[in-house]
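I opened this entry to look at the ligand site and then at one sheet. My notes follow in the order I looked things up.

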Amino acid sequence: MTHQATQPWWKEGVIYQIYPRSFMDSTGDGIGDLEGIRQRLPHLVDLGIDAIWISPIFPSPMKDAGYDVADYCDIDPLFGSLEDFERLSAAVKDAGLKLLLDFVPSHSSDQHPWFLEARQSRDADKRDWYVWRDPLPDGSPPTNWISEFAGPTWTFHPETGQYYLHVFLPEQPALNWRNPELRAAMYDVMRFWFDRGVDGFRVDALENLMPNPDLGDNPPNPDWVESMGPARSHLAVNIKHQPEILAAGRDMRAVANEYDPERLLVGEIYGTTEQLMKYYGENHDAFQLPFNFLLIEAVWEAEPLAGMIRAYEAALPEGAWPNWVLGNHDRPRIASRIGPWRARLAAMLLLTLRGTPTLYQGDELGMENVPIPPEAVQDPWERNVPGQGLGRDPVRTPIAWETGPGAGFTTGTPWLPIDPRPEVAVETQQADPGSMLAFQKALLALRKREKALTLGDLTGVNATGEVLHYRRTFEGRTLAVTLNLGETAAPCPDPGTCLISTHGNDSGDLAPGEGRVLAQ
Ligand code: GLC
């Protein structure tokens with residue numbers, strides 16, 4: 001039972017995202033699996049994170065790397081079996097960690113038995129579990145909507161003479177959340193995993209949960225440039241952030257509460273800060289943590305960052321808990337976005353801001369985007385819109401555990417190339433007290449020791465030149481965080497006793513890219 005005075009685990013905890021295809025391969029097929037995750041758990045315990053979220057591991061034709069689910073209640077043989085899952089789950093608990101799975105409610109695979117049935121005929125039992133519309137009189141799609149991965153969001157099904165909706169690939173038909181039976185079936189999916197002890201879900205693509213074709217065409221985006229990709233050429237106002245999503249969010253929360261209010265629901269939502277805040281629900285009855293991607297979109301200069309942090313904090317509904325993310329399996333690596341010389345500083349920012357941090361696998365090693373030769377491309381987005389940098393393979397490459405062929409990741413051929421530089425390998429970094437890994441471990445340990453860094457207030461978020469600084473205070477203990485984003489050395493604006501530095505310094509000017517946490 002939760003004691004009144006204690007905080008739920010997810011407020012102080014750090015979430016680590018595992019991209020299972022690239023974590024550890026135990027079978028030699030070149031693709032990571034559940035047993036591999038189990039074998040490498042000591043790395044995560046050693047690192048000092050608190051929870052793992054595993055990207056989809058369910059049966060899937062893998063048209064979108066598992067985000068096309070053909071059975072929500074089983075494990076894809078590529079990753080193992082339900083028994084492997086149970087074994088992993090038990091090991092995660094033994095290690096004192098929490099386990100979150102990915103829940104993909106907006107769409108299934110076109111190979112899901114529900115869709116196979118729905119497409120049988122217009123009055124098939126499950127027809128309305130998906131979104132079907134008649135063609136316009138000239139035969140064209142019902143609306144002008146463009147899919148996230150390019151092309152129309154509508155695919156014609158000649159056998160039944162209607163179009164079906166898909167916000168992503170044609171192989172990812174949109175589920176109809178306006179149908180009560182579909183909703184009930186999806187809540188049972190949540191229960192299936194809650195019954196197996198999972199501590200929560202990261203809920204995929206939430207803003208796309210309930211597109212409304214009856215609202216008609218989307219308007220063109222006046223600010224569109226080609227590098228944004230075809231989907232952004234229109235403002236997807238009739239697809240995304242429909243108000244009815246909130247009721248579904250409340251239902252999901254209620255399902256989690258059937259087990260324990262501490263079961264966590266993290267929502268994947270891309271939108272404005274104002275849109276994001278709605279997903280907390282009224283009276284905290286929806287998602288505890290609607291993913292905050294502001295650092296993924298940010299301009300890495302002190303003043304804009306300070307303003308952005310203040311604005312996000314100010315926008316939080318009363319009592320809502322913040323969260324921060326630097327990267328994930330969809331976005332370029334943080335070290336590549338802002339330069340490796342500032343990757344430690346970014347980690348310090350992530351782990352000292354107020355709110356739950358989510359760390360993407362490999363960022364603890366400072367992994368960078370890995371160039372993917374055309375013949376090795378896996379991501380359908382890159383295939384559909386080649387050469388524009390939209391493809392996500394470069395951020396999904398396997399972890400190098402060791403140096404040498406296979407990098408301790410696989411005995412076979414890895415599904416994506418592995419960064420061959422010895423300095424990114426876990427083995428190399430473990431042996432080097434000055435490594436990124438050693439730094440992140442020290443930072444995570446400091447965060448565990450200092451309540452100010454987890455539960456403390458956040459004040460004085462400001463920029464002095466290119467130095468971003470703020471304070472965290474808990475029960476009379478104040479820590480100052482000072483981060484020099486600039487390319488020249490700068491005075492430390494808030495001196496004190498240095499507890500940790502990205503550069504191993506403890507006094508004097510901040511070096512370019514240096515961050516320090518100082519006790520006041
Ligand atoms: C989410 C996932 C992404 C996937 C998409 C469709 O944005 O993070 O990887 O392609 O949803 O499910």
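I began with the character of the shell around the ligand: seven of its residues are charged, four are nonpolar and three are polar. The model is a predicted one, and I kept that in mind for what follows.

Next I looked up which residues are closest to the ligand. The ligand is surrounded by 14 residues, and D64, H107, D204, H329 and D330 are the closest.

I then went through polar contacts from side chains to oxygen atoms of the ligand. For D204, one of the closest residues, I found a side-chain N or O atom 2.9 Å from a ligand oxygen. R202 has a side-chain N or O atom 3.0 Å from an oxygen atom of the ligand. For E268, the distance from a polar side-chain atom to a ligand oxygen is also 3.0 Å.

How much of the ligand does the protein bury? I noted 310 Å² exposed for the ligand taken alone, of which the protein buries 95%.

I turned to the sheet. It is open, has three strands in the order 4-6-5, and its pairing is antiparallel. I asked which strands are at the edges. They are strand 4, residues 132-133, and strand 5, residues 154-157, and each of them pairs on one side only.

I checked the pairing of strand 4 with strand 6, which covers residues 162-165. Two bridges join strand 4 and strand 6 in the antiparallel sense. Across from W132 I found Y164 of strand 6. As background, I noted that strands of a sheet pair through backbone hydrogen bonds, either parallel or antiparallel.

Conventions:
Residues are numbered from 1 along each chain as its sequence is written. This is a predicted model: local features need pLDDT of at least 70, side-chain atom pairs count only at pLDDT 80 or more; totals for chains, interfaces and linings use all residues. Side-chain values use heavy atoms; hydrogens and water are left out. A residue is near a molecule or strand if one of its heavy atoms lies within 4 Å of it. A polar contact is a pair of N or O atoms within 3.5 Å; within protein, one must be able to donate a hydrogen and the other to accept it, and residues adjacent in sequence count only if both atoms are side-chain atoms. Accessible areas come from the Shrake-Rupley method with a 1.4 Å probe; for residues, only the protein chains shown count as cover. Ala, Val, Leu, Ile, Met, Phe, Trp, Tyr, Cys and Pro count as nonpolar, Asp, Glu, Lys and Arg as charged, and the others, Gly among them, as polar. Two strands pair if DSSP finds at least two bridges between them. Helices (H or I, at least four residues) and strands (E, at least two) are DSSP runs, numbered from the N terminus.
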